[in-house]
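Please look at the sequence and the structure below before reading on. The paragraphs after them are meant to be read with the model in view.

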Amino acid sequence: MRKVAIVGIGHSKFGRRTDVDIAELAFESIKGAMQDAKVEKKQIESITLGSAGGWYEESLPAVVVNEYAGFHNVPTMRVEAACASGSAAVRNAYLTVASGESEIAMAVGLEKMTEVDTLTSVELMGRAGSYLWEFENYGMTFPAYYALYAVAHMNRFGTTQEDLARIAVKAHHYGAMNPLAQFQKEITVEKAMGSQMVSWPLKLYDACPITDGSATVILASEDTARKLTDTPIWIKGMGVSSDSANLSKRDDYVGLGATVDAARKAYAASKLTPQDFDVATCHDCFTIAELMAYEDLGFCAKGDGAKMVRNGETEIGGRIPVNVDGGLKAKGHPVGATGVSMMVEVSKQLRGEAGSRQVPLKKGNGLVHNVGGTGHYCYVTVLSRSG
Amino acid sequence: MSAEPPTLHSRRTLNLTFNLPITKTHEFWDGLKEGKFFTTRCKDCGQLSFPPQADCPNCTGSDVEWVDMGTEAELVTFTYVVVTPTSFVENDPYIVAIGRLSNGLKILAWVEGSEVEKLKPGVKLKLEARKTSGGSPYYVFVVAA
């Protein structure tokens, strides 16, 4: 397998984007990534679109996007791994380059979730599990699935609703510094704690919003990457795993087994440890998800996630800054775009281009943790300044 | 933000309902109508499964038998769903729990007739069969007496 680097990044404004259709929205990040990489259409040999879909009108989003952007006769597909569809798209692009099939490949993450009403979006996400046994009679929702984990974690380790609120406050703090974020305003612990109950004990401010957005990365082989840019960001390893559709089949509810397994594989592939990272994006679809990720990725021991929050260890200046782009919570979570957006953010950080949100670079490594569903899929990607 | 940008409201609507095949697992739903809880056990390797399935996920054997799985359970975790999906908007908020049966299998269902404040992991639960007003069988947990 050949070395592969990210040579171009593009990112749309996230939010309620009723001003654009799916193709126009995707084009914003595609154009940005092509300009960043300084490549032309004819150089892109493969396009993979990550999009869960269902909330917008098109059934074949990949070809709709490609037509709008003027790509013809290009190998393409749309991939689905729920909220990790973006990472799945990057993985496919990565494999086409690593295998030698393509010199340059593009991965686009896209979701347009506000073309249907909010409760229909809630319904579509609630069906993301095992329909007959979880939804048909019991109306599970995405917050409800994660609430099952929150209750178990709080009961086992004494994690509190205030600990979770502090994660939301951190997300909004950095979101306020990110011009592409859906929410760019600070909140307080009191505001988070006083927000509407969604699925006990998770409240509105424990949950990511419903978001439209796109993000794109362009990948290249080592030879091509070195010709295109002085700051290639190398994909040092990807760990991928999965877990049962039915949550009732999980062994425990205080962490995500798919994260533990994907992280183990990513660390092995990159020959790095959890102590070797300057920055991480963790999949914070809910505050409890970010807290469990600290533990499952090995940033702390199981049960110690709340201590990291209380000690500010995941803020800029702390031991391992997490989600300093605002995370899914404040930046927004356009399902299929999120994994690619995480790659864009960590690439920016490792290039030293994150402005007021820049983390100190000591080791030159960043980690992308992207979960699909409620730990149904997990992708952990290790990015690095050194090849 | 100022006024919403202009959009076209699609003229075509799509209402999806599905016919869910239960030929290979009808024993579960038949039993439920009688207030009984059956699931599958692999005759080759002994693997118990819930949800019931005709093919063994452990040894890939397809010779399974139906066994009574009892109704006594212990609460593992739960939540109280306040914001419900669009197809549940007629329902009052509901409590959903995962309970562990004495044989080790776990099941997700509503907890009827209780309150969030009274529940915590370890509480004893009992499975009970129910029918919808349309006659469709389903099941719930109640807190054991």
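What follows goes through a sheet in one chain and then turns to the place where two chains touch.

The model is a predicted one, and a good place to begin is chain A, where 9 strands form an open sheet with mixed pairing. If you follow the strands of chain A from one side of this sheet to the other, you meet them in the order β3-β2-β4-β7-β1-β8-β11-β10-β9. The two ends of that order deserve a look of their own: β3 (76-79) and β9 (279-281) of chain A stand at the edges and each has a single partner strand, so one side of each is left without a neighbour in the sheet. Between neighbouring strands of this sheet there is a turn of 25° on average, with direction ignored.

At the β3 edge, the pairing can be traced down to residues. Strand β2 (residues 47-50) of chain A is joined to β3(A) by 4 bridges, and these two strands run parallel. Within this pairing, A:Leu49 has A:Arg78 in β3(A) as its bridge partner. Elsewhere on the sheet, helix α10 (residues 257-270) of chain A lies across β8 (233-242), β10 (365-372) and β11 (377-384) of chain A, and the helix runs at about 145° to β8(A).

The next topic is the interface between the chains. Here 37 residues of chain A are in contact with 39 residues of chain B. The size of an interface is often given as the accessible area lost when the parts come together. For chain A and chain B the buried area is about 3,300 Å², and carbon and sulfur atoms give 66% of it.

How many salt bridges does the rule find across the interface of chain A and chain B? The rule finds 1, and B:Glu4 forms a salt bridge with A:Arg16, their closest N and O atoms being 3.1 Å apart. Polar contacts between chain A and chain B amount to 14 residue pairs, counted with both residues at pLDDT 80 or more.

On the side of chain A that touches chain B, the elements giving two or more residues are α4 (118-126), α5 (131-135), α6 (142-157) and β5 (197-200) of chain A. The largest share of that side, 6 residues, comes from α6(A). Sorted by kind, the residues of chain A on this side divide into 18 nonpolar, 10 polar and 9 charged.

Strand pairing also reaches from one chain to the other, since β5(A) is joined by 2 bridges to strand β4 (residues 72-81) of chain B, and the two run antiparallel. In this pairing A:Ser199 stands opposite B:Val81 in β4(B).

Methods: Residues numbered from 1 in each chain as written. Chains lettered and ligands numbered in written order. Predicted model: local features only at pLDDT ≥ 70, side-chain atom pairs only at ≥ 80, totals over all residues. Heavy atoms only, no water. Pairing = 2+ DSSP bridges. Axes fitted to C-alpha atoms, helices over the stretch in contact; angles between N-to-C directions. Contact = heavy atoms within 4.5 Å. Buried area = accessible area lost by both parts, 1.4 Å probe. Salt bridge = Lys/Arg side-chain N within 4 Å of Asp/Glu carboxyl O. Polar contact = N/O pair within 3.5 Å; in protein donor to acceptor, adjacent residues only side chain to side chain. Nonpolar A, V, L, I, M, F, W, Y, C, P; charged D, E, K, R; others polar.
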